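Got your viewer open? Here's a short walk through the model, one selection at a time.

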2 protein chains.
Amino acid sequence: MNFCSHCGHTLCFAIPDGDDRPRYLCESCGTIHYQNPRIVAGTLPVSGSRVLLCRRAISPRKGYWTLPAGYMENAETTQQAAARETREEACAEVTLRGLYTLIDLPHINQVYMMFRADLLGGFDAGVESLEVALFEEHEVPWDELAFPTIERTLQHFFADRRHGEFPLHISAVTLEDRERYFGSA
Amino acid sequence: MNFCSHCGHTLCFAIPDGDDRPRYLCESCGTIHYQNPRIVAGTLPVSGSRVLLCRRAISPRKGYWTLPAGYMENAETTQQAAARETREEACAEVTLRGLYTLIDLPHINQVYMMFRADLLGGFDAGVESLEVALFEEHEVPWDELAFPTIERTLQHFFADRRHGEFPLHISAVTLEDRERYFGSA
């Protein structure tokens, strides 16, 4: 961030009066440019004993498997965002069953909100997916999952399914978790 | 948003290739400036039979009562944000007890995440509060609450407390809800 999006003046990076952390500030028009975490909303679509996964057609992690999820947009709700991403990536309609995992990623300024969902009818690969398929637990490609948030959401689901209760799981993916997942290379 | 924060060029507002909604685009450097909802994280601090409220020292809704809450910052978790806001606005330490209300406000691009919490020790007015106090249910200033999200969170709490269970409540504040709350003036 170099220039003020309001007036075009060069920005500085300093602590505003009355604040406690540095922000991008415009000394010309006075605008403070706050930066905040973004929500990634998605679903864990279930059909009978199987779960739906999408193989990514885009980077990052192209070719790896993921649950349908993406950045929440302005002017929509978290549940609308989760259903929209499922429609876009898997051409699938779902009935949402409640918030299931809330995962903070403070190192990349994201908050994942994954909803359990019942798959309704068919599915197909959306433009951001190479393929979309249903997997039994023993078929899940654990070594080819795209993100630690997806692995964790699936692990919770299969563990919870053994006793039929699906409470909300709140956790964080730490920098160490990320390095363990992606390797330090 | 008028100028590219990356290169300073004038922005246009158009649908990027492969996208389905208009964004602020820089035709000079190619940057797409996405805008996404922000998370407001906070707590419902409980001490015995009373709840803690803060009277706002700043606009909007200066002079009205609220639960401690504010914008989540980069590089923190939702729970760290909720605890930090409680510390800043009420000089209070809390033990978080789980996510309690998740309220979408699509008309103003906010998502509230309020955690139930146990108040630990004392409290005082932070710089953004005129006063901070504990209220029994019959003492809550319902007509002087700052925001519909705060009213709704307190209503859920007192209703749930009668039977001792506090499930997560997910809802949205619609434009109609906002107009009813603030008046259409």
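Start by selecting B:H107, which sits in the loop between strand 8 (93-105) and strand 9 (110-120) of chain B. Keep in mind as you click around that this is a predicted model.

Is B:H107 buried, exposed or partly exposed? B:H107 counts as partly exposed, because its relative accessibility is 43%.

Now show what surrounds that histidine. Leaving out residues up to four places away in sequence, B:H107 touches B:V173, B:T174 and B:L175. Pick B:L175 from that group: 68 residues separate B:H107 and B:L175 in sequence, yet their C-alpha atoms are 6.5 Å apart in space. Switch on the backbone atoms of B:L175 too, and you'll find the side chain of B:H107 reaching its backbone nitrogen at 3.2 Å.

Next, bring both chains into view and colour them separately. How much area do chain A and chain B bury between them? About 3200 Å², with 52% of it on carbon and sulfur atoms. On chain A, select A:S5, A:E73 and A:N74: this trio supplies 17% of the area that chain A buries against chain B, more than any other three residues. If you select the whole contact, you should pick up 39 residues from chain A and 39 residues from chain B.

Time to look at the pairings across the chains. There are four salt bridges between chain A and chain B. For one to zoom in on, select B:E73 and A:R21, which form a salt bridge with their closest N and O atoms 3.7 Å apart. Polar contacts between the chains come to 16 residue pairs, both partners at pLDDT 80 or more.

Turn on the cartoon for chain A. Which elements give two or more residues to the side that touches chain B? They are strand 4 (38-47), helix 1 (78-90), strand 8 (93-105), strand 9 (110-120) and strand 11 (169-172) of chain A. Helix 1 of chain A gives the most, with four residues. Colour that side of chain A by residue class and you get 19 nonpolar, 11 polar and nine charged residues.

Last stop: zoom out on chain A and colour by domain. The domain assignment gives domain 1 (1-35) and domain 2 (38-182). Drop a marker on the C-alpha centre of each domain of chain A, and the two markers will be 36 Å apart.

How values were computed
Residues numbered from 1 in each chain as written. Chains lettered and ligands numbered in written order. Predicted model: local features only at pLDDT ≥ 70, side-chain atom pairs only at ≥ 80, totals over all residues. Heavy atoms only, no water. Domains from an automatic or database assignment. Contact = heavy atoms within 4.5 Å. Buried area = accessible area lost by both parts, 1.4 Å probe. Salt bridge = Lys/Arg side-chain N within 4 Å of Asp/Glu carboxyl O. Polar contact = N/O pair within 3.5 Å; in protein donor to acceptor, adjacent residues only side chain to side chain. Nonpolar A, V, L, I, M, F, W, Y, C, P; charged D, E, K, R; others polar. Buried < 20%, exposed > 50% of the residue type's maximum accessible area, 1.4 Å probe, protein only.
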